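Here is a walk through one protein model, helix by helix. Have the sequence and the structure open as you read.

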Amino acid sequence: SLVGYYGLLNLGVDSALMRYVARYAGQGDKKALNETVSTAMIMFGCMGALIIAISFVIAEPLAGFFKVKPERFNDFIYAVWIIGFATGIGFPGNVFGVVIRSHERYVFANCASITTALVRACLVVLLLVSGMGLVGVALATLSAQLCGLSMNYLLSRILMPWVSIKYAFANKKTLKTLMAYGGVTTIIVIADVLRLNID
């Protein structure tokens with residue numbers, strides 16, 4: 001649950017990305033589309049790196065806060081590191097999934113999501129049965145994340161070869177547009193967390 005709150009660092013840009021990629025794809029404006037995707041990728045890459053860094057910094061204090069037993073202390077820390085890394089790489093990697101959904105290729109997007117969920121479930125069972133415990137669950141999450149990202153990347157390259165992600169395409173104007181739209185979504189998400197999860 002705690003690691004799940006990393007999603008707030010998304011800042012609502014996912015919804016903004018979906019809106020603008022769909023708009024530019026519909027208009028056939030490949031330049032604006034590539035600027036939007038590239039800007040989002042760089043932003044999410046920075047956010048992902050921040051999440052990974054935070055995970056490594058807070059793992060040990062969290063173990064102390066939750067009064068983790070000494071025999072489970074290292075497992076807890078490794079699990080936080082692994083889940084943090086999985087979440088961190090998921091931020092920029094999610095851009096490919098948004099590109100697929102924005103082009104209304106929902107069948108492909110759903111197939112990737114279903115496959116990822118099945119891989120995660122199977123790996124959780126296998127790793128728990130093998131006695132890996134909490135670290136096994138974290139590794140299953142990381143492995144499933146890598147599987148999903150790989151599928152979304154390949155599908156986006158095959159289905160939308162005109163989408164090009166380059167550092168040179170990113171710009172501040174596009175970032176401001178994404179942040180302005182995403183800001184409203186962030187406020188709504190935070191309000192929902194406070195309303196539903198505060199207990």
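Two residues are in contact when heavy atoms of theirs come within 4.5 Å. Keep in mind that this is a predicted model.

## Asp14 and its neighbours

Start with Asp14, which sits in helix α1, the stretch covering residues 13–27. Leaving out residues up to four places away in sequence, Asp14 touches Phe44, Asn94 and Val98. With Asn94 there is also a polar contact: the two side chains are joined at 2.7 Å.

Phe91 is worth a look too. Asp14 and Phe91 are 77 residues apart in sequence, yet their C-alpha atoms are 9.5 Å apart in space. Is Asp14 buried or exposed? Neither label fits, because its relative accessible area is 22% and that makes Asp14 partly exposed.

## Where Thr39 meets Thr174

Next, go to Thr39 in helix α2. Its relative accessible area is 4%, so Thr39 counts as buried. Beyond its neighbours within four places in sequence, Thr39 is in contact with Phe169, Ala170, Asn171, Thr174, Leu175 and Leu178.

Now take the view from Thr174, a residue of helix α6 (residues 172–196). Thr174 is buried as well, because its relative accessibility is 11%. Setting aside residues within four places in sequence, the contacts of Thr174 are Glu35, Thr36 and Thr39.

## Helix α5 and its nonpolar patch

Helix α5 runs over residues 133–159. With 27 residues, α5 reaches 39 Å from its first C-alpha to its last, close to the 39 Å expected at 1.5 Å a residue. The buried residues of α5 include Val135, Gly136, Ala138, Leu142, Gly148, Asn152 and Leu159. Among the elements covering the buried residues of this helix are α3 (70–102) and α4 (106–129).

What makes the nonpolar surface patch of about 320 Å²? Tyr153, Leu154 and Ile158 do. Ile158 belongs to α5, and Ile158 counts as exposed because its relative accessibility is 62%.

## Salt bridges within helices

How many salt bridges does a search of the whole structure find? It finds 3. As background, side chains of opposite charge can pair when their charged atoms come close. Helix geometry is useful here as well: an α-helix has 3.6 residues a turn, so residues three or four places apart point the same way.

In α2, the side chains of Lys31 and Glu35 meet in a salt bridge at 2.7 Å, N to O. Why are Lys31 and Glu35 separated by about one helical turn? Because they are 4 residues apart in helix α2. The two partners have different labels: Lys31 is exposed at 59% relative accessibility, whereas Glu35 is buried at 18%. Glu35 is also one of the residues that Thr174 touches.

In α3, Asp75 forms a salt bridge with Arg72, with the closest N and O atoms 3.6 Å apart. Asp75 and Arg72 are 3 residues apart, about one turn of the helix. Asp75 counts as partly exposed, because its relative accessibility is 24%. Over in α6, Asp192 and Arg195 are likewise 3 residues apart, about one turn of the helix. Their closest N and O atoms are 3.0 Å apart in a salt bridge. Asp192 is partly exposed, with a relative accessible area of 32%, while Arg195 is exposed at 61%.

## Two loop residues with positive phi

Finally, check the backbone in two of the loops. Most residues other than glycine have a negative phi, and most peptide bonds are trans. Lys67 is not a glycine, but its phi is positive, about 50°. Where is Lys67? Lys67 lies in the loop between α2 (30–65) and α3. With a relative accessible area of 71%, Lys67 is exposed.

Glu104 is the other case: a positive phi of about 60°, although it is not a glycine. Glu104 is in the loop between α3 and α4. Its relative accessible area is 60%, so Glu104 counts as exposed.

Methods. Residues are numbered from 1 along each chain as its sequence is written. This is a predicted model: local features need pLDDT of at least 70, side-chain atom pairs count only at pLDDT 80 or more; totals for chains, interfaces and linings use all residues. Side-chain values use heavy atoms; hydrogens and water are left out. Patches are made of residues with over 30% relative accessible area and no salt bridge: like charges are joined within 9 Å, nonpolar side chains (Val, Leu, Ile, Met, Phe, Trp, Tyr) within 5 Å. Accessible areas come from the Shrake-Rupley method with a 1.4 Å probe; for residues, only the protein chains shown count as cover. A salt bridge is a side-chain nitrogen of Lys or Arg within 4 Å of a carboxyl oxygen of Asp or Glu. Buried means under 20% relative accessible area, exposed over 50%, partly exposed in between (1.4 Å probe, protein chains only). A polar contact is a pair of N or O atoms within 3.5 Å; within protein, one must be able to donate a hydrogen and the other to accept it, and residues adjacent in sequence count only if both atoms are side-chain atoms. The expected span of a helix is 1.5 Å times one less than its number of residues.
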